[in-house]
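The following exercises concern the overall form of a chain, its helix packing and its strand pairing. Each task is followed by a worked solution.

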Amino acid sequence: MSKGIGIAVLGLGLLGLGWWAHGHHGPRIQDHVRQLAETAVAPSIHGATATVSGRDIHLSGIADSKAEADALMAALDGLPARRVVTQDLTVLETVSPFTLSVTKTAAGLTATGHVPTEALRTELATTLGEGAAALTLASGAPQGWGDLASAGLAALTPLSDGQLTLTDGQLTLTGTAATPVEAEAVKAALAGLPAGSASTELTLLDDGTPAAWTLGYTAATGATAAGKLPKGLDLTAVASAMGLPSIGGTATTALMGEPANAGIFAGLKNWMGQIETLAYAFGPEGQSLRLGVQGGVDAEALQSALSASLPGVALTVETVTTTGENGARRNNAATGADERFMGGYWLAVPDIDLGLQGCQSAAEEVLTKGTITFVTGSDQLDASALAIINDLAAVMAPCAEEAGLKAVIGGHTDNVGDQVSNLGLSQRRAIAVRREMMDRGVPAAALKALGFGDAQPIADNGTDAGRAANRRTTIQWSE
């Protein structure tokens, strides 16, 4: 009996001792197990956590691979004093190849592909912004992948637009750099990467060479430009200054160097309707401009008029020979006017009423604006008469061809000299005008030349002004 009681007392004592040990040493054991567990999972790539309750350990979070998950569990299983180890790890998919693609446009950056850690995602987000959220967290990135990605984004930043492609350990960057300054920034961003790990293919908007460009123009085809315009100047501004609808070609605008504007081209605007050809050149050596005009335009007067508005430009104005077939049509690129080739000249087709009265009024309007003049005492046309001859032919051609009218070209003189001589001179002058009209494509059958001598004066022959008025050419239309 006493022996049984003793055993019972001993059991109760041991139970009490165990309860005392648990109450006083349990928290300390749990802290010790926690410290060991935290140390064991510290190398986890994605920051897996170990939660300890008593001596039980629970592993949670993300494992980079099954191998990492197994290694973490093995490390926890090997801890002293642990009891049960459980886990609910998410194991990342291992992808191959491990890629990142970033596109830069005027709208911003867009990204697709993978990211190996959330820490790197946060780092890349400083450049990608919200685009970093589109990247998929995955396993399989080779060593140094993050450095390549960061350097690639730094290199993409100075580009106007571009594409970054990172596949495993190979980075490719393509895009547009405004100037060599931005291209050097790209080079610097990639300078620290391993040899052969990065390649670039850049297009320079401005290669840094001095501005040099040419502008060509013909009245038939319009204007085209090639080369590099100075900073601040573009073809739209040049076209506007010249009064042209547009300028074609492949010219670009410099992003470096001294700025320029279209001011000097504004001086050409009022003259473009008279210019047949234009060749302009700009370069480090200076500026030159060569203009071609048809006969009938005073090249010397035009050069004198333009010189003041084109300072610093080597200007040449010359008369050029135009070609075509009588009756051929074109649209003048500067004026937009319909023109007809007549006797070696492109002449504007007038907008007239092609009836008897309309044609009569149009011819008289031309002859009122100017007089067809001749060398004194002869039927040789004076050089100044060419513009009037051209304007008159432009009226007479459609009136004869389209309206089917016939015209009498009358020659008139003053009363100086005898009447017989004046009559002959007036006839020869009327014939000369008829010949000029025929040369410009007016049908010969529609034209008759008739000299009136001094028989039909319109002013007093007693004054110089009156005699000058009487020396004239008339046109009389009939059906």
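**Exercise 1: A bridge in the sheet**

In S24, the bridge partner of Ala407 is Trp477. The model is a predicted one.

Task: determine in which sense S22 and S24 pair, and in what order the strands of their sheet are arranged.

Solution.
1. Strand S22 covers residues 406–412 and pairs with S24 in the antiparallel sense, over seven bridges.
2. The open sheet has three strands in the order S23-S22-S24, with mixed pairing.
3. The edge strands are S23 (447–453) and S24 (472–478), each of which pairs on one side only.
4. From one strand to the next, the twist averages 25°.
5. Helix H9, residues 386–401, lies across S22, S23 and S24 and runs at about 15° to S24.

**Exercise 2: Two helices in contact**

Task: classify the relative direction of helices H4 and H5 and describe the residues of their contact.

Solution.
1. Helix H4 spans residues 145–156 and helix H5 spans residues 180–190; their axes come within 8 Å and cross at roughly 170°.
2. Angles over 145 degrees count as roughly antiparallel, and therefore H4 is roughly antiparallel to H5.
3. On the H4 side the contact is made by Ala151, Gly152, Ala154 and Ala155, and on the H5 side by Val186, Ala189 and Leu190.
4. These contact residues divide into six nonpolar, one polar and no charged. Gly counts as polar, and Gly152 belongs to the H4 side.

**Exercise 3: Strand S16 and its partners**

Task: establish how S16 pairs with S12 and with S17.

Solution.
1. S12 (residues 212–218) and S16 (residues 275–283) pair in the antiparallel sense over six bridges. Within this pairing, Thr214 stands opposite Ala281 of S16.
2. S16 and S17 (residues 286–293) also run antiparallel, joined by eight bridges. Here Leu278 stands opposite Leu291 in S17.
3. Two residues lie between S16 and S17, and the two strands form a hairpin.

**Exercise 4: The chain as a whole**

Task: compare the radius of gyration of the chain with that of a compact globule of 479 residues.

Solution.
1. A compact globule of 479 residues would have a radius of gyration near 23 Å, whereas the chain has 48 Å.
2. The C-alpha trace spans about 185 × 50 × 35 Å along its principal axes.
3. Buried residues account for 38% of the 479 residues.
4. Of the contacts between residues at least 6 apart in sequence, 60% join residues at least 24 apart.
5. The secondary structure comes to 11 helices and 24 strands.

Conventions:
Residues numbered from 1 in each chain as written. Predicted model: local features only at pLDDT ≥ 70, side-chain atom pairs only at ≥ 80, totals over all residues. Heavy atoms only, no water. Pairing = 2+ DSSP bridges. Helix = DSSP H or I, 4+ residues; strand = E, 2+ residues; numbered from the N terminus. Axes fitted to C-alpha atoms, helices over the stretch in contact; angles between N-to-C directions. Contact = heavy atoms within 4.5 Å. Parallel < 35°, antiparallel > 145°, perpendicular 65-115°, else oblique. Rg over C-alpha atoms; globule rule 2.2 N^0.38 Å. Buried < 20%, exposed > 50% of the residue type's maximum accessible area, 1.4 Å probe, protein only.
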